[in-house]
Every structure is written in structure tokens, then in C-alpha cells.
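Welcome! Here is a short guided look at one protein model, meant for someone meeting it for the first time.

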Amino acid sequence: MPNVYDAVVLGGGHNGLVCASYLARAGMRTAVLERRHAVGGASFSDEVVPGFKFSVFSYGLQHLYPRIINDLELEKFGLKAVPYGDLFSPTEDGRCLITNYDDVATAKSIAQFSRRDAEVYPKFVEFHNKLAGYMRHLGTEVPPDPTASNFRDITRTLSFSWRNFGLRTKLFDFVELMTQSADEYLSHWFESDAVRALFAYVGGIGNFVGPHSRGSALSCLYNMLTDYSDELVHGHVIGGMGTVSKALAASAQGLGVEIHTNAEVEQVIVEGGRVKGVATKDGREYRTGIVASSMHAKILFGKAVDRKHLPDDLVQGLEKFNTFGTNWKINVACNRAPQLKALEASSSYPVPAFVHIGPTIDYLEKAYDDAKYGSFAQCPWMTVATPTHFDRSMAPEGKHVVNLYGGHVAYKLREGDWSSRRPEFLKTVWQVLDEFVPGFTNDIIDYQVLLPTDIENILNIPGGNILHGQMTPDQLFSRRPYPHYSDYRTPIKGLYQCGSSCHPGGSVSGLPGFNAVREILRDRGKKLS
């Protein structure tokens, strides 16, 4: 006998859990099917090295929508985050840019490179705070289809335009971001290469772009969305990012959601153009009239749904959707926390918790070029985060956990393969780390390497792209995941998408799940509560 539910959610990542929770709040009997042994997806903590707990994939909380935290009472279920504090960006000449939420202190640090840039910095913050505010608001919107001719879609487009009439004043600013490179755009603000590199750095997080790539200015703004927000929770989650998923799962179960792990989906059952249920690979069947999938769109439509049910334009969009991943992660268990060479003479900041190594525009561009031509960066840029500064529960007494995240690497190497060239890749990472943090690699106890192919295999994300698809202008808003299918609905009645391959994209925001459930309920004459 199949199990019968009002709704079934595919995937127990954070978006799937958000969607399931709100469905249950609306009175629906809801089940979550997760292919792995535990929920969380990329928001997952694990003791990879005995005694050391890691945020295995995602390692920091920045984007989680405040309403989700409040509605689902996540703090009651254990969610607690502490700020990372200052960001340290060492330069090649031995100096260090130190930035934080104090504009005066940050400007003072910038002044060692350029007094003019220090004077400009507060204006830069004010300008981008407004743009980021608009971008965060758009993340809560359901993208309209401006090309559609049916009454429903025309009405939605007009309604969207009216609600966001104020955006017209920022239209040309967004055009600049979408068409200019990061360095070109930042050069309008700052004269110092080190200061431009500070902001260009974030453009490569989750995106295969260099600071000279067209459109990379927008990639920078996307990753700066939370930098100037007082509303969003920032920093390290106590217990690691798995705490986010555990809190979401506990909240969902408290609302009556059933969570089934080791339940890999084999097929979405479709009859007469309508969803009828889901079958798992182990032979279980779940009957329902509503399926919300947080699986990647390429997995949902490439494997779980028979192509005979799909229109040609969706299939073509599926093939074009760029999920090329080039970022890597290394989780390190070590005897000491990283000590920057640039701070050796300072007693004010003896051991930083958060570091960006990417000192110049050319340095960042070279890392991109190396991967662009089928190899890996010989001098990779990287983030060095040490959560055990704040959370001693993650390592034995006196030891530390360090998360390294960087780029770029080719997904598929032009010469050789990753099974044979991993040691060579690791050597480049250790060399850069030891250059800026002398002797650190001598204190490494053990480590875990996650290349895009590893991320793909473990998390079932095509291409191993941590944002589930490039966050470039051609793959945003009404074009995500493909044109004409950005409103979380699909050509199959009752089948919806609620994962990070949808708008507003990757990161632990919960917004794809939140936005999708709002549309599911709207189609049934209900409102999100």
C-alpha cells in the first residue's frame, strides 16, 4: 500500500525543510524524502576527523531570511550564530587590510593604501547598501514572465512592476553592474589595486568569473548583499552549519512533517499531465497531488521526470543552464590557528578568525585564467575561516578546525585527471597558505578535500556548483532556472520547484523554499501564514 500525503517534498536540504514546514503550517500532511542518511544538504556538520566537527560544505551563515527564523522558531530549536568579526586581507608587501562594520575603522585601514579611497569608502557603503536592499527585496519576489501573453502572467507582470516602481531609479546602476567587469566598476570608486581586490574577491565565490570578466560586477554585489544589513544573522553557527538543518528539521517535525532519509527518488509519477506521486529507488511509493522538489532542476527534469512530459523549450533550457563549478573546499584539523605573517608584529590582532587571501586584481585574474584553460590556479585565492575561535565544541582542547574555501579549478582537467593530480593541486594550496601563514601546514593533523566533482557526487549537484548554477546576469531572476519557468511552477500540474537552482539562487537563504510554498498555497486559494 502506498503512503498518501497532501504534499511530498523532494530533498531535505534547508530549502526543502523550509517548504515542508510552511506546507504543514497550512494544514497539509507533508513528507520529506531525502536521498542521504541525514538532512541538511550543504548545511551539514560531521566529524570528518575523529574529535573534530566540521561544517562540511557551507561554512557560514549570512543570507537566511529573518522571517523564516522567526516563523519557524529556529532559535528555540538551537540556532545560534556569532559574528566572525574583522575580515583580514593580507597584501603581497606585508601589509593587511582590516575591514568590519565600523566604517570609520575600515576607512582608517584603507587609508594606509590610499587616503582618497578612505574618503570615498563611506559613500561606497551608502550607495551599495541601497542597491543591496533592492536586491534582497527582489529575492522575496516571484519573477514574472514578461514575454507571456496569457492574462494571468500579464497581470502578474503588471503587479510586479507596480510593487517595484521605485526600482526604476536604480535601473542604470543595475545595467552597469550587469555589463561591466568587477575591476572596471570598482575603478570608478577606488584607485588602490589592493582595495579593488578586496571587493572583487567575492565575485568569484560560486561563480566562474575573473575580475576582468564582463558581468562580474554583479557577482560582487550578489555576494555583498549581507555586508551592510542589520537584519540578517551573520557569522559562525554554533555547532556548525548542521545546526541550521537540525533546527529546521526539529521545527518541521514539531509541525507534523514526516522526514524519510535514505529515500532516493527514482521517479515522479505523472498521469494525464498531473503529478500523482513519487516512487523511490527502494520500491516505496508516496501518493500525492502536490510535489515540491528542492532537487536540482537538472536532476528533477533530467532523471526523475520522464522527458515525454516536458515541452521542448524546457528541455532546451535545461541543456543551456550553466552549472559549471570551479570552487573547492578543504576542511583542516590542526594543532594551531592560522597566524598571518602580516600580523606577526601586532599584539592587537594576534590570531584572526576570518581571512581572504587574494591580494591583487592580477592575482585573482590569474587564478581564473589557470582554470579557464583547463588546469587549476597555481596561486589560488582562498578564504581561511577558523570557527574554533568562537566555538570550542568543534575540536579537542587546544586544537582547531580551519575551513579553506577557494578557486579556481577546472571541473574537468585538460591534462590528466583529478585522481592523479590531486596531490599537485594540494601542493599549490599549501604553498600559498604557508606564504601568508608561515609554517601552518606543519601543524596539520588531517584534512578533507572537496573538489567540484566530490561536491557533485556527494550532494547530487550537477557540476558541483555550490550555488546550483552560475549567478550571472543570464541566469538570474526571470531566467532562473530557465526562461518561462521561473515562478516555481512546472508544465506538470501539481509539480513545483523549491531549490537553489530557482530564484534567488544559491546560499543558505531559505528563499526558494519560502517563495515556492507561497505559490503552492496561492494556487489553492490560501495565504502563507
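## Aromatic rings and their neighbours

F199 has a relative accessible area of 8%, so it counts as buried, the cut-off being under 20%. Please keep in mind that this is a predicted model. F190 is buried as well, because its relative accessibility is 1%.

A search of the whole structure turns up 23 aromatic pairs. In one of them, the ring centres of F190 and F199 are 5.5 Å apart with their planes at 10°, so this pair is stacked. Another pair, Y201 with W381, is edge-to-face, with 5.0 Å from centre to centre and 70° between the planes. That second pair joins distant parts of the chain: Y201 is in the loop between helix 8 and helix 9 (216-223), while W381 belongs to strand 17, and 180 residues separate them. Y201 and W381 are both buried.

Here are the two pairs side by side:

| Ring pair | Centre to centre | Angle between planes | Arrangement |
|---|---|---|---|
| F190 and F199 | 5.5 Å | 10° | stacked |
| Y201 and W381 | 5.0 Å | 70° | edge-to-face |

F190 and F199 also belong to a cluster, in which ring pairs link them with Y121, F124, F127 and W189. Elsewhere, an aromatic ring meets a charge: R36 lies over the face of F44, at 4.8 Å from the ring centre.

## Helix 8

How many of the eight residues of helix 8 are buried? Seven are, so the helix is largely enclosed by the rest of the structure. The buried residues are A194, V195, R196, A197, L198, F199 and A200. At the N-terminal end, S192 acts as a cap, with a side-chain oxygen 3.3 Å from the backbone nitrogen of A194.

## Helix 13

Helix 13 covers residues 361-372, which makes 12 residues. From first C-alpha to last it reaches 16 Å, close to the 16 Å expected at 1.5 Å a residue. Its buried residues are I361, Y363, L364, E365, A367, Y368, D370 and A371.

What do those buried residues pack against? Their partners include three helices, namely helix 7 (182-187), helix 8 (193-200) and helix 14 (418-436). The others are strand 16 (354-357), strand 17 (376-385) and strand 18 (400-409). Helix 8 and strand 17 have thus come up again here. After helix 13 comes G374, which has a positive phi near 90°.

## A hairpin of two strands

Strand 7 (residues 87-90) is covered on both faces: L87 and S89 are buried on one side, F88 and P90 on the other. It pairs with strand 8 (residues 96-99) in the antiparallel sense, over four bridges. Across this pairing, F88 stands opposite I98 in strand 8. Five residues lie between the strands of the hairpin, and G94 takes a positive phi near 95°.

## A buried threonine

Where is T288? This residue sits in the loop between strand 13 (285-287) and strand 14 (291-293). Its relative accessible area is 6%, so T288 is buried.

The T288 side chain reaches the backbone oxygen of D6 at 3.0 Å. A polar atom of that side chain also lies 3.4 Å from the backbone nitrogen of A7. Leaving aside neighbours within four places in sequence, T288 is in contact with Y5, D6, A7, V8, V275, K276 and G277.

Conventions
Residues are numbered from 1 along each chain as its sequence is written. This is a predicted model: local features need pLDDT of at least 70, side-chain atom pairs count only at pLDDT 80 or more; totals for chains, interfaces and linings use all residues. Side-chain values use heavy atoms; hydrogens and water are left out. The expected span of a helix is 1.5 Å times one less than its number of residues. Buried means under 20% relative accessible area, exposed over 50%, partly exposed in between (1.4 Å probe, protein chains only). Contact means heavy atoms within 4.5 Å. Rings of Phe, Tyr and Trp (its six-membered ring) pair if their centres lie within 6.5 Å; planes under 30 degrees apart count as stacked, over 60 as edge-to-face and the rest as tilted. A charge sits over a ring if NZ of Lys or CZ of Arg is within 6 Å of the ring centre and within 35 degrees of the ring normal. A polar contact is a pair of N or O atoms within 3.5 Å; within protein, one must be able to donate a hydrogen and the other to accept it, and residues adjacent in sequence count only if both atoms are side-chain atoms. Two strands pair if DSSP finds at least two bridges between them.
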